[in-house]
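Colleague: I would like a close look at the ligand site in this model. Please take it slowly, and then set it in its surroundings.

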Amino acid sequence: MAIDQQPDVRAMPMPPGERGLPFVGNSLKFASGKMVATHEWYEKYGPVSWTRAVGNLWINVEGPDACGAVLQDRDRVFDASGWSVLIGPFFHRGLMLLDGAEHHRHRRIMQEAFTSERLAGYLSPVNDTIASGLAAWPTGSLHFYPRIKQLTLDVATRTFMADKIGRESQRVNRAFSDTVRAATAFVRVPIPGTRWARGIAGRRLLEDYLRPRIAAHREGDGNDLFSALCHAQTDDGERFTDEDVVNHMIFLLMAAHDTSTSTLTTMAYYFARFPEWQERCRAESLALSPGPIDYAGLDKLVSLDLVMKEAMRLISPVPGVTRRANRDTELLGYRVPKGAYLAVHLWGLHHLEELWPEPERFDPERFAEHRREDKVHRFAYMPFGNGVHKCIGMYFGGMEVKAAMHQLLQRYRLSVDPGYRMPVDWVSLPRPKDGLPITLHRL
Ligand code: HEM
């Protein structure tokens, strides 16, 4: 809608909502992750409501119409710089934090690193790293989450940087975790020992790790993502500077690493709880090709695709995204003041009863052709977001997750104690509070 055709938003009512506690608002809930996996706001106030947290006005957005309107952002009023208040100091100038023409330009360049030709090239190091990583896993009882997190980190460093980070692996891994977790810190100044300070230190470590490696990647002709970013060029000759490459690499490593880890963990959990789905996917993998999957084979893992989708619905790896209103605007008839932050509840969307029958039930078949519950509304299912910021790595992510599960299912049978239910920590991206104790039986 053109600006001069916009309704007078100042005449519109503010959405319903609550301030929370005196002074701190709902900051404590925010820092503990309790504002994420909940329908609290939706049930109390409907699809659009307000609250205060970490010193700002927040508009909670849930339900397909409201989430779709914000992410589609037809009037260009919701800036992705909303992310800056959460992760800006750690992931500044990552693609997701850019807006407008600048975002468009950077996305066009980055797209060159995600063509299907490039993706097919990444698959071989992805497969090799998974094979050697899994070969070192013990059988018996173990905590799945730290193992798979290490494996996806190895995949990222090998595929993204053609690098074996060996001794530095633990430090780099810690730096990632610290930067991601700092997003939901309650104390948001770098006082030593705080989550925020650890995030800042993590960012510095990652910069120091990447910068000295740029020259070699610009000169070489590697088929890793780092090289792809160094060489990416649009038809009109636009390229990334060295600083762009560092900023994008840090963001991409984070964006790829924890999301895949979370998805794989959720899938392993549900496979262990629902052996019939585990057997179905294993049979499909064994019938297709023993050993690593090839690029053409990925589309044939039909049941695994259903399980991945259901896992991302039940425990959405990115449970919410944020935006900031760049002027007074409206959402579903309510006023959204300039400067307000918006929390778009993707987890909530994926658990709404009006969209998903028995939303808490693990039922991958709901995504099968004969049901397609995700099609009940255009914006019912958005684990990768929507609009101009829709995940650029969604095919990479799907490829990695399926390649890993394809190999894992061929090697091991997974089980958990009967009655086990995975407790989820929603601070930053979802992960099991107990590391997901699981038993692996060699096949
Ligand atoms: C299961 C895996 C993944 C999930 C669920 C996921 C989810 C998301 C979501 C929800 C967004 C939108 C954020 C917003 O609207 O503000 C996003 C953006 C993004 N993701 Fe992913 N992601 C995954 C894997 C990856 C991978 C593997 C990469 C890179 C290799 C990646 C790179 C990015 C980038 C660069 C953006 C920003 C895009 C832009 O702003 O134009 N993601 N992702």
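Modeller: What follows starts at the ligand and works outward. One caution comes before anything else: this is a predicted model.

Start with the shell. The ligand has 23 residues around it. The closest are T259, G385, C391, G393 and G397. Two elements give two or more residues to that shell, helix α12 (242–273) and helix α16 (394–411). The top contributor is α12, with six residues. By type, the shell splits into 15 nonpolar residues, seven polar ones and one charged one.

Now follow α16 away from the ligand. M405 sits in this helix. Is M405 buried or exposed? M405 has 26 C-beta neighbours inside 10 Å, so it counts as buried; the threshold for that class is 20 or more. Setting aside residues within four places in sequence, M405 is in contact with L264, M267 and L304. A268 is also worth checking against M405. Along the chain, 137 residues separate the two, yet their C-alpha atoms are 8.4 Å apart.

That leads to the core. The largest nonpolar core holds 115 residues. Within this core, V70, L229, M249, A268 and L342 touch the most other members. Again α12 gives the most, this time with 17 residues. Thus α12 leads in the ligand shell and also in the core. Nonpolar side chains tend to be buried together in soluble globular proteins. Take L229 as one example of the core's wiring. Beyond four places in sequence, L229 touches A113, F240, V245, H248 and M249.

Next, the sheets. One is an open sheet of five strands, in the order β1-β2-β8-β5-β3, and its pairing is mixed. The edge strands are β1 (48–53) and β3 (78–79), each of which pairs on one side only. Inside the sheet, β2 (residues 56–61) and β8 (residues 341–345) run parallel and share four bridges. To find this pairing on screen, look for N60, which stands opposite A343 in β8. Helix α3 (residues 64–72) lies across β1, β2, β3, β5 (320–325) and β8. The angle between α3 and β8 is about 125°.

The other sheet to inspect is smaller in my account, but it repays a look. An open sheet of three strands runs β4-β12-β9, with antiparallel pairing. Here β4 (140–143) and β9 (412–415) are at the edges; each has a single partner strand, so one side of each lacks a neighbour in the sheet. From one strand to the next, the twist averages 35°. Four bridges hold β4 against β12 (residues 437–442), and these two strands are antiparallel. One pair to pick out is G140, whose bridge partner in β12 is L440.

A helix covers part of this sheet too. Helix α7 lies across β4 and β12, at about 70° to β4. Q150 belongs to α7, which spans residues 144–161. Q150 counts as partly exposed, because it has 17 C-beta neighbours inside 10 Å. That contrasts with M405 in α16, which counts as buried with 26. Sequence distance also plays out another way at Q150. I191 is 41 residues from Q150 in sequence, and the C-alpha atoms lie 29 Å apart.

To return to your request: the ligand shell draws two or more residues from each of α12 and α16, and α12 carries on into the largest nonpolar core.

Note on methods. Residues are numbered from 1 along each chain as its sequence is written. This is a predicted model: local features need pLDDT of at least 70, side-chain atom pairs count only at pLDDT 80 or more; totals for chains, interfaces and linings use all residues. A residue is near a molecule or strand if its C-beta atom, placed from the backbone, lies within 6 Å of it. Ala, Val, Leu, Ile, Met, Phe, Trp, Tyr, Cys and Pro count as nonpolar, Asp, Glu, Lys and Arg as charged, and the others, Gly among them, as polar. A nonpolar core is a set of buried Ala, Val, Leu, Ile, Met, Phe, Trp, Tyr and Cys residues joined through C-beta atoms within 7 Å. A residue is buried if 20 or more other C-beta atoms lie within 10 Å of its own, exposed if 12 or fewer, and partly exposed in between; C-beta atoms are placed from the backbone. Two residues are in contact if their C-beta atoms, placed from the backbone, lie within 7 Å. Two strands pair if DSSP finds at least two bridges between them. Axes are lines fitted to C-alpha atoms, for helices over the stretch in contact, and angles run from 0 to 180 degrees between N-to-C directions.
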